[in-house]
Amino acid sequence: MPWNMTKMPNHLHHSTQDNAVLAIEQFEGLLGTGCSPDLLFFLCAMYAPICTIDFQHEPIKPCKAVCERAKSGCEPVMKRYNHSWPDSLACNELPLYDRGVCISPEAIVKAEGPDPYYPEPARCNPESSPDFPTAANNLHCRGPNGDRCRCKTVRMILKNYLRNNYNYVIRARVREVRNRGLEPTAVVEVKEVLKSSLVNIPKETQTLYYSSSCLCPPLALGEEYLIMGYENEETSRLLLIDSSIAQKWKDKMSKKLKRWDHILQGRGRGGQRGTRQ
């Protein structure tokens with residue numbers, strides 16, 4: 001974080017840094033999913049808040065928008081494991097950027113130089129720009145924690161499909177990949193909707209929202225993919241996170257997915273388990 005002094009008790013009423021460390025460790029697995037580039041900043045601003053200069057006032061809270069971006073990206077992942085966004089981290093209690101004193105990554109970037117959280121367009125997706133034609137360049141960009149981007153490929157196999165229980169499955173052609181500002185996105189033309197459990201997905205141009213500035217899974221312009229991801233029912237957004245699947249389309253995929261859905265529905269009714277692929 002771009003500060004080296006904190007004040008206790010923090011915003012969650014931990015009296016010592018040791019107590020704060022023990023409490024924040026519960027989010028280690030969630031951080032590992034890369035569900036939101038804002039999550040690390042938000043958690044640190046809550047658990048190890050930045051001090052005011054004179055140390056007399058309450059520590060500064062993160063802005064409401066930072067909380068909402070972290071929640072939007074990560075709550076769908078938490079729900080997959082029967083967890084919800086903690087009440088202690090409720091966004092409603094936090095100040096708006098233009099109506100109170102609060103801290104956000106954007107404000108620090110404006111004061112201190114280039115943004116370490118959100119790299120330049122195409123830095124993390126070489127296929128989206130002729131200036132970065134090889135996959136090797138993907139290793140030179142930076143992720144939300146300042147680490148080098150390395151997209152972990154999720155294989156399109158029955159085990160992953162059953163375990164991840166995706167909200168939507170579409171066949172789509174990639175029209176544009178954007179990595180500008182705070183919300184990296186991919187614009188796709190939907191050719192076929194194979195599954196949609198929460199949000200209505202018409203066969204037209206749709207925006208997919210990445211949870212990480214590393215743009216995982218990567219998408220190549222003009223290519224047609226089978227894409228599996230998650231939906232945010234509150235915002236009607238289609239999400240791409242690290243566990244999402246994007247595989248170049250083949251006609252035989254439709255039959256395979258119908259067979260997998262039959263197995264998944266059987267499991268939901270308490271049917272057979274341990275089915276082989």
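Does leucine 30 count as buried or exposed, and what is its relative accessibility?

## Leucine 30 and its surroundings

In this predicted model, leucine 30 has a relative accessibility of 11%, and because buried residues are those under 20%, leucine 30 counts as buried. This leucine belongs to helix H2, which spans residues 28-32.

When residues up to four places away in sequence are not counted, leucine 30 touches Cys35, Leu39, Cys74, Val77 and Met78. For one of these partners, methionine 78, the separation along the sequence is 48 residues, while the C-alpha to C-alpha separation in space is 7.8 Å.

## Helix H3 and its packing against H4

Leu39, which is in contact with leucine 30, is also among the buried residues of H3. That helix is mostly covered, with eight of its nine residues buried, namely Leu39, Phe41, Phe42, Leu43, Cys44, Ala45, Met46 and Tyr47.

Two packed helices are described by the angle between their axes and the distance between the axes. For H3 and H4, the axes come within 9 Å and cross at roughly 125°, and the two helices are therefore oblique to each other. The crossing in which H3 passes H4 is left-handed, and the contact is made by Leu39, Phe41 and Phe42 on the H3 side and by Val66, Cys67, Ala70 and Cys74 on the H4 side.

## The largest nonpolar core

The largest nonpolar core holds 46 residues, of which Phe42, Trp85, Leu89 and Met228 touch the most other members. Two or more residues are given to this core by each of helix H3 (39-47), helix H4 (64-80), strand S2 (102-103), helix H6 (158-164), strand S6 (224-232) and helix H7 (253-268). The largest share, eight residues, comes from H3. The core draws at least three residues from each of domain 1 (1-108) and domain 2 (158-268).

## Methionine 228 and a separate core

Methionine 228, one of the members of the largest core that touch the most others, is in contact with Met156, Tyr161, Tyr166, Tyr168, Val169, Ser244, Ile245 and Leu257, once its neighbours within four places in sequence are left aside. Apart from the largest core lies another, made up of 18 residues, which include Ile170, Leu215, Ile227 and Leu238.

Terms used. Residues numbered from 1 in each chain as written. Predicted model: local features only at pLDDT ≥ 70, side-chain atom pairs only at ≥ 80, totals over all residues. Heavy atoms only, no water. Core = buried A, V, L, I, M, F, W, Y, C linked by side-chain atoms within 4.5 Å. Buried < 20%, exposed > 50% of the residue type's maximum accessible area, 1.4 Å probe, protein only. Helix = DSSP H or I, 4+ residues; strand = E, 2+ residues; numbered from the N terminus. Domains from an automatic or database assignment. Contact = heavy atoms within 4.5 Å. Axes fitted to C-alpha atoms, helices over the stretch in contact; angles between N-to-C directions. Parallel < 35°, antiparallel > 145°, perpendicular 65-115°, else oblique. Left-handed = near helix turned anticlockwise from the far one by under 90°.
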